[in-house]
Amino acid sequence: MNICIVAGARPNFIKVAPLVRAIQRTEGIGYQLVYTGAESDPSLEGTLFDDLQIPRPDFYLGVDCENLNELTGQVMSAFEHYLLRRPADVVIVVDDLASTMAAAIVTKKQGIRLAHLVAGTRSFDIRMPKEINRLVIDGLSDLLFTAGVSNTSNTNREGAEQSRVYMVGNILIDNLRFNHSRWQRPKLMDEMALRDGDYIVFTLNRKALLSDTANLRLMLDAILGAAGDVPVVALLRENAREVVGDTFLRTHEPLPYLEFGWLTAHAKGIITDSGNVAEEATFNGVPCITLNSYTEHIETVKQGTNELVGEDAGKLADAVGRMVRGTWKHHELPDRWDGRTAERILQILQSES
């Protein structure tokens with residue numbers, strides 16, 4: 001069996017890494033890892049693939065475009081040419097990007113089996129481009145691999161055949177368990193005089209948050225005011241640093257994967273707009289505030305350490321205050337966060353071949 005795995009952005013590589021490692025341990029299965037972006041993409045730090053213990057992509061489609069409709073068309077064209085030259089038995093796409101949807105459409109038009117990793121995630125807001133992508137990808141997929149009960153329920157409610165839906169668990173946790181002993185203490189701990197368990201990590205990437213500068217300023221003031229003497233470490237890409245300005249004294253560019261894993265695992269708390277970071281926080285038992293009104297993985301809220309505050313500065317200040325005082329809610333690990341998701345996916349693919 002020959003598998004084509006398509007990644008459309010840096011976070012996708014973190015999710016497919018356990019699958020790549022599992023394939024490499026399994027006889028009779030070949031794979032190619034395809035990146036829809038360019039080899040020079042600055043978001044792919046030089047250490048990423050070594051940190052994840054996987055090879056670099058076998059092929060880069062080289063699409064780099066801001067307009068989502070143009071990006072979709074360019075990825076469709078490039079991926080069609082790729083599949084014509086390198087046929088596959090099954091294509092695995094990840095998450096809900098425009099490039100993911102483009103690869104899914106081309107796969108089905110080529111008559112190739114399509115598998116969706118992290119299927120069934122919903123915001124129930126059809127105005128969001130990613131929600132449209134999710135609906136299209138799940139509707140086209142022959143195999144839907146879901147991370148939890150809520151995701152499985154979403155696919156069933158929308159009429160997906162139960163024989164196509166498999167709750168395999170959260171593949172992000174495979175990486176956390178694999179790398180638990182490999183985390184690297186970052187130099188910034190000493191540079192910023194940080195103590196284990198006595199700092200808050202802050203990340204910010206969502207364009208909607210960055211574009212509303214007035215409300216963002218209120219939220220940043222709320223964080224710093226409620227944090228008090230607890231240092232807040234802001235790991236921000238260049239565009240976010242420009243928007244945030246000099247609000248935070250402790251800003252730093254994003255860390256390599258293994259260093260970021262160490263920093264978040266040893267924090268007092270995390271404030272983020274990233275679903276992946278919230279999932280990691282739940283696994284590590286670290287209090288987490290998500291700057292969004294929804295999450296694709298509601299188990300991080302119902303069972304885990306995550307709490308949603310939307311874009312409300314008042315709710316944010318209250319949550320940071322509880323985080324600093326140590327009065328956060330109790331948590332437990334959701335079902336099938338056992339580090340064996342990639343194994344289950346391969347077993348399913350082999351049985352369906």
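In which helix is the place of Lys207? Lys207 belongs to helix α9, which covers residues 207-211, in what is a predicted model. With a relative accessible area of 64%, Lys207 lies over the 50% limit and is therefore exposed. Its C-alpha atom is separated by 9.9 Å from that of Asn239, a residue 32 positions away along the chain.

## Aromatic contacts

The ring-pairing rule gives a count of 7 aromatic pairs. One of these joins Phe13 and Phe49 in an edge-to-face arrangement, with 5.0 Å from centre to centre and 85° between the planes. This pair links distant parts of the chain, since Phe13 is in helix α1 (residues 10-24) while Phe49 is in helix α2 (residues 48-52), 36 residues apart. Phe13 and Phe49 are both buried, and together with Tyr35 and Tyr60 they form one aromatic cluster.

A second pair, Phe79 with Tyr82, is stacked, the centres being 5.9 Å apart and the planes 10° from each other. Both of these residues lie in helix α3 (residues 68-85), where their spacing of 3 residues corresponds to about one turn of the helix. Buried or exposed, which word fits Phe79? Phe79 has a relative accessible area of 0%, which is under the 20% limit, and so Phe79 counts as buried. Tyr82 is also buried, because its relative accessible area is 1%.

An aromatic ring also takes part in a contact with a charged group: the charged end of Arg21 sits over the ring of Phe178, at 3.8 Å from the centre of that ring.

## Salt bridges

Side chains of opposite charge can pair when their charged atoms come close. In this model there are 17 salt bridges, and the table sets out three of them with their N to O distances.

| Acidic residue | Basic residue | N to O distance |
|---|---|---|
| Asp138 | Arg122 | 2.9 Å |
| Asp198 | Arg195 | 2.4 Å |
| Glu343 | Arg340 | 3.2 Å |

The salt bridge between Asp138 and Arg122 links distant parts of the chain, as Asp138 is in helix α5 (residues 129-140) and Arg122 is in the loop between β5 (113-119) and α5, 16 residues apart. Asp138 is buried because its relative accessible area is 5%, and Arg122, at 4% relative accessibility, likewise counts as buried.

For the salt bridge of Asp198 with Arg195, the accessibility of the arginine is available: Arg195 reaches 56%, a value over 50%, and therefore counts as exposed. In the salt bridge of Glu343 with Arg340, Glu343 counts as partly exposed at 32% relative accessibility, and Arg340 is partly exposed as well, with a relative accessible area of 43%. These two values fall between the limits of 20% and 50%, which is why neither Glu343 nor Arg340 is classed as buried or as exposed.

Salt bridges also join into a network, which links Asp96, Glu131, Arg134 and Glu296.

## Pockets and cavities

Rolling a probe the size of a water molecule over the atoms shows where empty space is left. The second largest pocket has a volume of about 170 Å³. Its lining includes Leu224, Ala227, Gly228, Asp229, Val230, Pro231 and Val232, and also Thr247, Phe248, Leu249 and Arg250. Sorted by class, this pocket lining consists of 7 nonpolar, 2 polar and 2 charged residues.

How many cavities of 30 Å³ or more are counted? The count comes to 1 cavity at that size, and the volume of the largest cavity is about 40 Å³. Residues lining the largest cavity are Leu117, Val118, Phe145, Thr146, Ala147, Val168, Gly169, Asn170 and Ile171. The elements that each give two or more residues to this lining are β5 and β6 (143-146). By class, the lining of the largest cavity holds 6 nonpolar and 3 polar residues, with no charged residues, whereas the lining of the second largest pocket has 2 charged residues.

Conventions. Residues numbered from 1 in each chain as written. Predicted model: local features only at pLDDT ≥ 70, side-chain atom pairs only at ≥ 80, totals over all residues. Heavy atoms only, no water. Phe/Tyr/Trp six-rings, centres within 6.5 Å; stacked < 30°, edge-to-face > 60°. Helix = DSSP H or I, 4+ residues; strand = E, 2+ residues; numbered from the N terminus. Buried < 20%, exposed > 50% of the residue type's maximum accessible area, 1.4 Å probe, protein only. Lys NZ or Arg CZ within 6 Å of the ring centre and 35° of its normal. Salt bridge = Lys/Arg side-chain N within 4 Å of Asp/Glu carboxyl O. 1 Å grid on protein atoms, 1.4 Å probe; cavity = no way out; pocket = protein on both sides within 12 Å on 5 of 7 lines; lining within 4 Å. Points joined across faces, edges and corners; volume = space filled by probe spheres on them. Nonpolar A, V, L, I, M, F, W, Y, C, P; charged D, E, K, R; others polar.
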